[in-house]
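Welcome! Take a moment to turn the model around on your screen, and then let us walk through it together, one part at a time.

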Amino acid sequence: MGGVTSSIAAKFAFFPPSPPSYTVVVDDTSESGGKLYIPEVPRKDEVDVLKLRTRRGNDIVAVHIKHPRASATLLYSHGNAADLGQLFELFVELTNRLRVNLMGYDYSGYGQSSGKPTECSTYADIDAAYKCLKEQYGVKDDQLILYGQSVGSGPTIDLASRLPNLRGVVLHSPILSGMRVFYPVKKTYWFDIYKNIDKMGMVNCPVLIIHGTSDEVVDCSHGKQLWELCKMKYEPLWISGGGHSNLELFPEFIKHLKKFVLSLGKSKSGTNGSKRTAVEPENGSKSSDCGTSDTFELVADLPEISRNSLDSRLEKSKKSNKPEKSRMSTDRVDRFRRRKGLVW
């Protein structure tokens, strides 16, 4: 019954671009040795295109962009109506502006990733990306920043709730839960998806939340209530006049994001490791609500039962931070965000 309900919910949550905005091609030249590339975007030496097998048997596409002076690695989980081809230039810009290595990935059923998009598959997808960063690029948890935009806040918070030593988390226009996007329910139902409201208190690292005050898709109250639930609150950014799909265009967005990344660097002394073949798995990680473990040892965590949510414990935020309404020069981002309505 739960699987049927989750499948129905997925129809409202996932809108993969059709057709996909990119293809993946194997370069058979002797120099590349069969390296993958995306012909629709500029080829760069510092970019790796990867196919990762998830524990649910899907092959997802990911890109890893390296910065020569990276202070951290950012794992980016995108919104529900975009794919890697549309986001590639944004990823490059974030890599350069923040001086981080960045991995972005497509959920199962998005772009050239196989399978179908579901809540459980997105948890397996982010776990596969995380596993790749640890084993192939030698990234340690205290060098890793998780970034979740809109529906991407679901897999981001789920993974963050299972990793106690992350450097930080960024939540960009996040959701309290799938059902709460449509209805102001006061409890968490067993058939709801992305129960971020119930997992936020298990995140044990600094959290930055960015939300637009004029978001017409996911109300700003979602971000403010999640901020109230954070254990380690970082100064949030409520972008005055910001909508759901245009926050990157405001200059305060990148300024505040960069400030957050720099603040994390001051509290952590580690630097990113070089690329290597394998690392020892950590034993402290637990899996998401959705079942079987991946190869780096994840164990079942949250039971799928009806329970009261944390709504009754929430207090309204008393601060009203209203930065000036101006826009930065990254107008190319505008074409990444094409849809309105159910785009979260």
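Which kind of unit do S5, helix H2 and S6 make? Together they form a right-handed β-α-β unit, in which helix H2 covers residues 84-98. Please keep in mind as we go that this is a predicted model.

Strand S5 is a good place to begin the tour. This strand is mostly covered, with five of its five residues buried. Thr73, Leu75 and Ser77 point one way from S5, while Leu74 and Tyr76 point the other way, and all are buried. That pattern fits a general rule: in a regular strand, side chains alternate between the two faces of the sheet.

Now look at the strands paired with S5. S5 and S6 run parallel and are joined by four bridges. To find one spot along this pairing, look for Thr73, which stands opposite Asn101 in S6. S5 also runs parallel to S7, and here five bridges join the two strands. Tyr76 has Tyr147 as its bridge partner in S7.

From the strands we can move on to the nonpolar interior. The largest nonpolar core has 50 residues, and those that touch the most other members are Leu75, Met103, Val169 and Met200. Helix H3, spanning residues 119-137, gives the most to this core, with eight residues. Another core lies apart from it, with 39 residues that include Val61, Val92, Tyr147 and Ile210. Leu75, which we met in S5, is a handy landmark. Leaving aside residues up to four places away in sequence, Leu75 touches several residues, among them Met103, Tyr105, Ile126, Leu133, Leu146 and Leu159.

Leu159 brings us to helix H4, since it is one of the buried residues of that helix. How many of the eight residues of H4 are buried? The count is eight of eight, and the helix, residues 153-160, is mostly covered. The list runs from Ser153, Gly154, Pro155 and Thr156 to Ile157, Asp158, Leu159 and Ala160. What do these buried residues pack against? Their partners are strands S5, S6, S7 and S8, along with helices H3 and H6.

Just before this helix, in the loop between S7 and H4, you will find Ser150. Is Ser150 buried or exposed? Its relative accessible area is 1%, so Ser150 is buried. The side chain of Ser150 also makes a polar contact of 2.9 Å with the side chain of His244.

A second polar contact takes us to another part of the chain. Asp27 is found in strand S1, which covers residues 25-27. With a relative accessibility of 11%, Asp27 counts as buried. Its side chain is joined to that of Arg43 by a polar contact of 3.0 Å.

Let us finish with the cysteines. How many disulfides are there? The count comes to zero. Why does Cys205 not form a bond with Cys230? Cys230 holds the closest cysteine sulfur, but it is 8.9 Å from the sulfur of Cys205, which is too far for a bond. Cys205 counts as buried because its relative accessibility is 1%. Cys132 is buried too, at a relative accessible area of 7%.

Note on methods: Residues are numbered from 1 along each chain as its sequence is written. This is a predicted model: local features need pLDDT of at least 70, side-chain atom pairs count only at pLDDT 80 or more; totals for chains, interfaces and linings use all residues. Side-chain values use heavy atoms; hydrogens and water are left out. Buried means under 20% relative accessible area, exposed over 50%, partly exposed in between (1.4 Å probe, protein chains only). A polar contact is a pair of N or O atoms within 3.5 Å; within protein, one must be able to donate a hydrogen and the other to accept it, and residues adjacent in sequence count only if both atoms are side-chain atoms. A nonpolar core is a set of buried Ala, Val, Leu, Ile, Met, Phe, Trp, Tyr and Cys residues joined through side-chain atoms within 4.5 Å. Contact means heavy atoms within 4.5 Å. A disulfide is a pair of cysteine sulfur atoms within 2.5 Å. Two strands pair if DSSP finds at least two bridges between them. A crossover is right-handed if, with the strands pointing away from the viewer, the path from the first strand over the helix to the second runs clockwise.
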